[in-house]
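Open the model in your viewer and colour it by secondary structure. The tour starts with the whole chain and then moves to one helix.

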Amino acid sequence: MNINAEVTPEAHDFLMSLLAKQEVPGMAVRVYVEKGGTEKAETCLAFCPRGEEAAKDVRKEFDDLIFYFEAASLPYLQDMQIGLEEEGGLQTPTIKAPNLKKPPKPPKTFVLPEDCSALKVPSGESVTLTQGASVSITQALGGSFTVNYQGNLYRLSPEVTQELGFQSDAIVFEHPEDGQISEQQCWDAMRLVYDPEIPVNVVGLGLIYKLDIDQDKYFVFVEMTLTSAGCGMGAIIGGDVKDKLLQVPNVKDAKVDVVFDPPWSYDNLEEEARLELGLI
């Protein structure tokens, strides 16, 4: 993924002067985003000595000024402009990034720039999709992608999608003032986990049977099921639930058990899920 960015002449000269003062040959500027796609998103500039850029950073030269853009931040940095502001004799770089707080929309199709680990849906078989493969995204929810390649469906984990330069459904929670685990935040976190074949989250599908919180041990226990006992993605979906719970403030550990008693049925669906699936 390329980057469309602009550096004003004033900002260029200021940054070149700032880099020169570091007295480090080959010093560049690195740009990255924290909490991209959320209301708390922030754009950061940092010194980047030669050789310390990340392997997947995107390099862009503005005459003799070199920038490295973090790959995972590219969707939020598109169409950005770096300028210079002066107030009271003090000069400060400014960054205008119109896409900073917008959840990025992935393309419908793209070519894999490298070999990618994936899971075949619904068997859960581990496979490698090779560099150069053209895939179509059928679902991009909860940070993971379900893609179609040669007529088969595959799941790309959130870690893989971020390595490819995509990022979505970022999760950011306020820390409760009482220092306790928020039950509502746990439910909200689990709503960011989706069945790879169905565009409905696991809470909406009625897959969560039990949520227990041990405030003394900062521990969360979840009992859940699957839409089919033969689904090979059970461990993956359960792992996604645990990963999301561990992002909730004050949760230090979590356990997710997958059970099939009672078996899942359409009666478990929330009303919103019924509407999504065309059952109402």
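Six helices and 16 strands make up the secondary structure of this predicted model. Turn the C-alpha trace onto its principal axes: the spans are about 70 × 50 × 35 Å.

Now colour by burial. Of the 280 residues in the protein, 42% are buried. Switch on contacts between residues at least 6 apart in sequence: 58% of these join residues at least 24 apart.

Next, show the surface. The accessible area is about 15,000 Å², and carbon and sulfur atoms hold 46% of that. Select the charged side chains: 23 are positive and 45 are negative. The centres of the two sets lie 2 Å apart.

Now select helix H5, residues 234-245. Put a distance between its end C-alpha atoms: 17 Å. At 1.5 Å a residue, the twelve residues should span 16 Å, so the two values agree.

Which residues of H5 are buried? Show Gly234, Ile237, Gly238, Asp240, Val241, Lys244 and Leu245 as sticks. Look down the axis of H5: these buried residues fall within an arc of 155 degrees, so they line one face of the helix. In an α-helix, residues three or four places apart point the same way, because there are 3.6 residues a turn.

Last stop: what covers the buried residues of H5? Add strand E13 (152-156) and helix H4 (183-190), which are part of the cover. Then add strand E15 (219-224) and strand E16 (253-258), also included in the cover.

Note on methods: Residues are numbered from 1 along each chain as its sequence is written. This is a predicted model: local features need pLDDT of at least 70, side-chain atom pairs count only at pLDDT 80 or more; totals for chains, interfaces and linings use all residues. Side-chain values use heavy atoms; hydrogens and water are left out. Helices (H or I, at least four residues) and strands (E, at least two) are DSSP runs, numbered from the N terminus. Buried means under 20% relative accessible area, exposed over 50%, partly exposed in between (1.4 Å probe, protein chains only). Contact means heavy atoms within 4.5 Å. Accessible areas come from the Shrake-Rupley method with a 1.4 Å probe; for residues, only the protein chains shown count as cover. Lys and Arg count as positive and Asp and Glu as negative; His and the chain ends are not counted. The place of a charge is taken as NZ of Lys, CZ of Arg, CG of Asp or CD of Glu. The expected span of a helix is 1.5 Å times one less than its number of residues. The arc is that of the directions from the helix axis to the C-beta atoms.
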